[in-house]
Amino acid sequence: MSRNHPVRLTVVRTEQVAPSMRRIVLGGDDFDAFESAYRGMREPYTDAYGKLVFLADGHDYPDPLDLEVVQQTMPQEAWPVLRTYTIRWVDAEARELAIDFVIHGIDGGEGVAGPWAARAEPGDVIHLRGPNGGYVPDTTADLLLFVGDEAGFPAIAASLEALPAGVRALALVEVDGPDDEIAVTSAADVQVRWLHRGDAVAGTTTLLDDAVRALDWPAGRVQAFVHGESALLKSVRPHLLDERGIARADISVSAYWRRGTTEEGFRAWKSQQSDAVMRPGTP
Ligand SMILES: Cc1cc2nc3c(=O)[nH]c(=O)nc-3n(C[C@H](O)[C@H](O)[C@H](O)COP(=O)(O)OP(=O)(O)OC[C@H]3O[C@@H](n4cnc5c(N)ncnc54)[C@H](O)[C@@H]3O)c2cc1C
């Protein structure tokens, strides 16, 4: 697998893990190629993300898929749409990996990846490029603080699960309501505090920002992971840096989506915001 050669995976089963979150379990002949790349990048990261490749209907693509050949030989309307997703877990023995999709919009009706996940059935095919590494927790910190919404939760959950005993972690997670709370198990001392937005639209509340500001700040060194809608970063990051005095190197921030903008529009916006993505390896 390389940048231009995504792996071809097949939907094995789907699970509604919460009203707004659907897990798609993938496998198939290319699983081994994926797993070998995953094993190669896994250390020292606790989360991993890849690009899902959505092909346009009505076109014959090279098999195996080669994105460079597609760009060089096919009309622009056939160029695939790419969407970034966290690999929630990998089970090498069962030869499966899972991705948790936020089903956003009415019936998943806006976007490409959300609607695809809402409709996915066993046997459907999807290509995946990557994975790449994300976050490296510093287990010597006195507290690992995680802040995110549903889109950031798969990365938060994967990281919490990977933490060793003796580490203290607090996660502040915004979801629609109590039914959207998803259990996480960890050897570490982990507390997940759920914030319910109720009828408010995702990406419009200040719940996470308010919760971070209201925290009874612990003594010692805090490492922070803040991943979610773009407005969250804009408010929380300056607070952590300027008011809490967290060192820049101890903050991992990543905007995962932007309200009202597709991932393409969002990528263009990100590239204009030189300070929007502050950590190496972030797409
Ligand atoms: C490193 C990384 C890891 C990510 N991991 C995950 C993951 O594991 N699971 C996950 O669900 N998302 C994840 N995301 C976010 C995901 O890539 C975006 O939400 C993406 O825009 C979804 O694509 P789409 O085709 O469904 O919608 P788009 O076509 O990109 O957008 C269509 C419309 O939907 C809105 N929209 C997009 N995402 C959301 C959302 N989450 N809630 C409400 N409205 C939304 C947009 O603002 C836009 O108006 C991750 C992003 C990054 C950068």
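**Pockets, a cavity and the fold**

Modeller: Let's start inside this predicted model: the largest cavity has a volume of about 40 Å³.

Colleague: What makes that space a cavity and not a pocket?

Modeller: A cavity is a set of points where a 1.4 Å probe fits but cannot get out, whereas a pocket is an open set. The search of the whole structure finds 1 cavity of 30 Å³ or more, and at about 40 Å³ the largest cavity meets that cut-off.

Colleague: Nice. How do you know which residues line the largest cavity?

Modeller: Lining residues have an atom within 4 Å of a point. Those that qualify here are Ala18, Ser20, Met21, Glu150, Phe153, Val173, Val175, Asp180, Ile182 and Trp194. Their classes come out as 7 nonpolar, 1 polar and 2 charged, and domain 1 (7-133) and domain 2 (143-272) each supply at least three residues.

Colleague: And the open spaces: what is the volume of the largest pocket?

Modeller: The largest pocket holds about 1100 Å³ of space. It is lined by 42 residues, with Tyr85, Val102, His104, Ala151 and Trp257 the closest to its centre. Elements giving two or more residues to this lining are strands S3 (48-54), S4 (81-86), S6 (96-102) and S12 (251-257), together with helices H3 (113-119) and H7 (263-272).

Colleague: How do you know that both domains take part in the lining of the largest pocket?

Modeller: From the residues themselves: domain 1 (7-133) and domain 2 (143-272) each give at least three. By class, this lining has 17 nonpolar, 12 polar and 13 charged residues.

Colleague: What about the second largest pocket: how do its lining residues divide by class?

Modeller: There the count is 15 nonpolar, 2 polar and 4 charged. The volume of the second largest pocket is about 480 Å³. Of its 21 lining residues, Val53, Phe54, Leu55, Ala56 and Val125 lie closest to the centre, and S3, H3 and strand S7 (125-133) each give two or more residues to the lining.

Colleague: Stepping back to the whole chain, with its 7 helices and 12 strands, why is it called as compact as a globular protein of its length?

Modeller: The globule rule gives 19 Å for 283 residues and the radius of gyration is 19 Å, so the chain is as compact as a globular protein of that length. Its C-alpha trace spans about 60 × 40 × 35 Å along the principal axes.

Colleague: And what share of the residues is buried?

Modeller: Buried means under 20% relative accessible area, and 48% of the 283 residues count as buried. Among contacts with a separation of 6 or more, 68% join residues 24 or more positions apart.

Definitions and conventions. Residues numbered from 1 in each chain as written. Predicted model: local features only at pLDDT ≥ 70, side-chain atom pairs only at ≥ 80, totals over all residues. Heavy atoms only, no water. 1 Å grid on protein atoms, 1.4 Å probe; cavity = no way out; pocket = protein on both sides within 12 Å on 5 of 7 lines; lining within 4 Å. Points joined across faces, edges and corners; volume = space filled by probe spheres on them. Helix = DSSP H or I, 4+ residues; strand = E, 2+ residues; numbered from the N terminus. Nonpolar A, V, L, I, M, F, W, Y, C, P; charged D, E, K, R; others polar. Domains from an automatic or database assignment. Rg over C-alpha atoms; globule rule 2.2 N^0.38 Å. Buried < 20%, exposed > 50% of the residue type's maximum accessible area, 1.4 Å probe, protein only. Contact = heavy atoms within 4.5 Å.
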